[in-house]
Amino acid sequence: MDKNHLYVLSLLEHNNVDIESLRPYAERHKVPIVDKVSLEMIKQTIRLHKPIHILEIGTAIGYSAMQFASVDRNIQVTTIERDESMINLARTNFKQFGYEQQINLIEGNALEQFESVEDKQFDMIFIDAAKAQSLKFFQLFTPLLKTGGVVITDNVLYHGFVSDIDVVRTRNVRQMVKKVQQYNEWLMQQPNFNTNFLNIDDGLAISIKGESK
Ligand code: SAH
Ligand code: MG
């Protein structure tokens, strides 16, 4: 890690220490929760944009959902997770940290759960599940995003492989990285969205929905 990155991390160290206590658990158990500088960027976007209804694809242990909800008591997070053990951990964490009222966890494959959320409209969508599927999640759920709403996609530079695919030897990872490349290029071509890419942590894409053309 470069010195600036370490320095910024040291400045952020005392933010939200309660939920942050889940990070060592996530690292030990290889649960890929959103990195710290990215998280603080997303929370700052929430403070600026003031979303009330947030949709998250990929809950894992509930870390990011609780972090988002912690910005304001009025925020309601709907989050979708398919993995049974993650679902159980997330529910336990929501209870332990007092977020049961603010977070609604939907169980199942997000690609099959459109009906569970289609009665809602969202101000923000966070895409952070299977990386090869980001495009499908975007297409499926952004019709529920209000004009002016924000889509944030995590891991768009996946481990530095997206900009340097030749270093990837495993076929599966290569396939996935190719999908991420295609997604990023496709995002830039969407006439209804203005997208910005941030080279922080594992890469964030921030897309803002304009008027449909
Ligand atoms: N957003 C979390 C981390 C999510 S990790 C955080 O930052 O704290 C990605 C999660 O997405 C994993 O738990 C995985 O089980 C889940 N996932 C992957 N593909 C999915 C799908 N199609 N539907 C629902 N969940 C999915
Ligand atoms: Mg992520």
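**Exercise 1. Place Asp128 in the predicted model: in which element is Asp128 found?**

Solution.
Step 1. Find strand β4, which covers 122–127.
Step 2. Move along the chain towards helix α8. Helix α8 covers residues 134–141.
Step 3. Asp128 is found in the loop between β4 and α8.

**Exercise 2. Asp128, Asp154 and Asn155 share a UniProt "binding site" annotation. Why can they be said to gather at one spot?**

Solution.
Step 1. Note the source: the annotation comes from an unreviewed UniProt entry.
Step 2. Look at the sequence. The three residues of this annotation, Asp128, Asp154 and Asn155, span 28 residues.
Step 3. Look at the fold. No two of their C-alpha atoms are more than 7.6 Å apart, so the residues gather at one spot.
Step 4. Check the largest cavity. From this set, its lining takes in Asp154 and Asn155.

**Exercise 3. A "binding site" annotation also covers Val34, Ser64, Glu81 and Asp128. Which of these does the lining of the largest pocket take in?**

Solution.
Step 1. Again, the record is an unreviewed UniProt entry.
Step 2. Compare the set with the pocket lining. Val34, Ser64, Glu81 and Asp128 are taken in.
Step 3. Place one of them. Ser64 sits in helix α5, residues 63–69.

**Exercise 4. Describe how helix α1 packs with helix α4. Which residues make the contact?**

Solution.
Step 1. Locate the helices. Helix α1 runs over residues 3–12, and helix α4 over residues 36–49.
Step 2. Take the geometry. The angle is about 55 degrees, and the axes lie 10 Å apart.
Step 3. Name the arrangement. That angle makes α1 oblique to α4.
Step 4. Give the hand. The crossing of α1 and α4 is left-handed.
Step 5. List the contact. Helix α1 gives His5, Val8, Leu9 and Leu12; helix α4 gives Lys36, Val37 and Glu40.
Step 6. Sort these residues: 4 are nonpolar, 1 is polar and 2 are charged.

**Exercise 5. Repeat the task for helices α8 and α9. How many residues of their contact are nonpolar, polar and charged?**

Solution.
Step 1. Helix α9 covers residues 171–188. Helices α8 and α9 pack at about 35 degrees, with axes 9 Å apart.
Step 2. From α8, the contact uses Ser134, Leu135, Phe138 and Gln139. From α9, it uses Tyr183, Trp186 and Leu187.
Step 3. Count by class: 5 nonpolar, 2 polar and no charged residues.

Note on methods. Residues are numbered from 1 along each chain as its sequence is written. Chains are lettered from A and ligands numbered from 1 in the order in which they are written. This is a predicted model: local features need pLDDT of at least 70, side-chain atom pairs count only at pLDDT 80 or more; totals for chains, interfaces and linings use all residues. Side-chain values use heavy atoms; hydrogens and water are left out. Axes are lines fitted to C-alpha atoms, for helices over the stretch in contact, and angles run from 0 to 180 degrees between N-to-C directions. Helices (H or I, at least four residues) and strands (E, at least two) are DSSP runs, numbered from the N terminus. Angles under 35 degrees count as roughly parallel, over 145 as roughly antiparallel, 65 to 115 as roughly perpendicular and the rest as oblique. A crossing is left-handed if the near helix is turned anticlockwise from the far one by less than a right angle, and right-handed if clockwise. Contact means heavy atoms within 4.5 Å. Ala, Val, Leu, Ile, Met, Phe, Trp, Tyr, Cys and Pro count as nonpolar, Asp, Glu, Lys and Arg as charged, and the others, Gly among them, as polar. UniProt positions are given in the numbering used here, feature names are shortened, and annotations may be inferred rather than shown by experiment. On a 1 Å grid over the protein atoms alone, a cavity is a set of points where a 1.4 Å probe fits but cannot get out, and a pocket is an open set with protein on both sides within 12 Å along at least five of seven lines; lining residues have an atom within 4 Å of a point.
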